[in-house]
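User: Please examine the model shown below. I should like each term applied to it to be justified by a value and a criterion.

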Amino acid sequence: MRYLHTMVRVENIDDSLKFYCDLLGMSETRRIESEQGRFTLIYLAPPADVDSAKVTKAPELELTYNWDPESYSGGRNFGHLAYEVDDVYALCQKLMDAGVTINRPPRDGRMAFVRSPDGISIEFLQKGENLKSAEPWASMENTGSW
């Protein structure tokens, strides 16, 4: 068994690509448009996995956009995604500067949670050892749920 992809349904392709590509640095590896099925599938990979994803089609994040409007809630769109990151503090600062709410700040220098424009919970885990506790993260409260 090997991991292939995680699928999340999105309501707005542009908002989702801005979040995943522009803010998180992921790249589109392939796209499938289905006129008959009335959907678009957009596959993304983080920088360290782009080459592998283009060859093996894994590991990827599949964004599913259904052409007919539909709102998603609860488990219909998914639980959470998890990514290992080089610097959890730097990423959280970049996201916060772009207006993204840090739902669970990386107080421990290890883990943080945010939500995508479609409400998908995303976990960021510090690569290697936890970073040394630092402000503003150490004293930042949780916001909302993740």
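**Domains, sheets and core**

Analyst: In this predicted model, 16 residues of domain 1 are in contact with 15 residues of domain 2. Domain 1 comprises 5–66 and domain 2 comprises 79–145.

User: What makes these residues count as being in contact?

Analyst: The criterion is heavy atoms within 4.5 Å. By that criterion, 16 residues on the side of domain 1 meet 15 on the side of domain 2. The centres of the two domains, taken over C-alpha atoms, are separated by 22 Å.

User: How much area do domain 1 and domain 2 bury between them, and which residues of domain 1 supply 48% of its share?

Analyst: The size of an interface is often given as the accessible area lost when the parts come together. Here domain 1 and domain 2 bury about 1100 Å², with 75% of that area on carbon and sulfur atoms. Phe19, Leu23 and Leu24 provide 48% of what domain 1 buries against domain 2, more than any other three residues.

User: Why is Gln93 called partly exposed?

Analyst: The relative accessible area of Gln93 is 28%. Buried requires under 20% and exposed requires over 50%, so a value in between is called partly exposed. Gln93 belongs to helix H3. Gln93 lies 42 residues from Glu135 in sequence, and the C-alpha atoms of the two are 11 Å apart in space.

User: What makes S5 and S6 edge strands?

Analyst: The sheet that contains them is open, with four strands in the order S5-S8-S7-S6 and mixed pairing. S5 and strand S6 (102–104) each have a single partner strand, so one side of each has no neighbour in the sheet. The twist from one strand to the next averages 35°. H3 packs on this sheet and touches S5, S6, S7 and S8, its direction making about 145° with that of S8.

User: How do you know that S7 and S8 are paired?

Analyst: Pairing requires at least two bridges between two strands. S7 and S8 are joined by five bridges and run antiparallel, so the criterion is met. Ala112 stands opposite Phe124 in S8.

User: Which strands are at the edges of the sheet S1-S4-S3-S2, and how many bridges join S2 to S3?

Analyst: That sheet is also open, with four strands and mixed pairing. Its edge strands are S1 and strand S2 (27–34), each of which pairs on one side only. The twist averages 20° from one strand to the next. S2 and S3 run antiparallel and are joined by seven bridges, so they too satisfy the requirement of at least two. Glu33 has Thr40, in S3, as its bridge partner. H1 packs on the sheet, in contact with S1, S2, S3 and S4, and its direction makes about 5° with that of S3.

User: What makes a set of residues a nonpolar core, and which residues have the most contacts inside the largest one?

Analyst: The members must be buried residues of the nonpolar types, joined through side-chain atoms within 4.5 Å. In soluble globular proteins, nonpolar side chains tend to be buried together. The largest such core has 31 residues, and Tyr20, Ile122 and Phe124 have the most contacts inside it. The elements that each supply at least two of its residues include helix H1 (13–23), strand S3 (39–45) and helix H3 (88–97). H1 contributes the most, with six residues. The core takes at least three residues from each of domain 1 and domain 2. Beyond its neighbours within four places in sequence, Tyr20 is in contact with residues including Val8, Leu44, Leu81 and Ile122.

Terms used:
Residues numbered from 1 in each chain as written. Predicted model: local features only at pLDDT ≥ 70, side-chain atom pairs only at ≥ 80, totals over all residues. Heavy atoms only, no water. Buried < 20%, exposed > 50% of the residue type's maximum accessible area, 1.4 Å probe, protein only. Domains from an automatic or database assignment. Axes fitted to C-alpha atoms, helices over the stretch in contact; angles between N-to-C directions. Buried area = accessible area lost by both parts, 1.4 Å probe.
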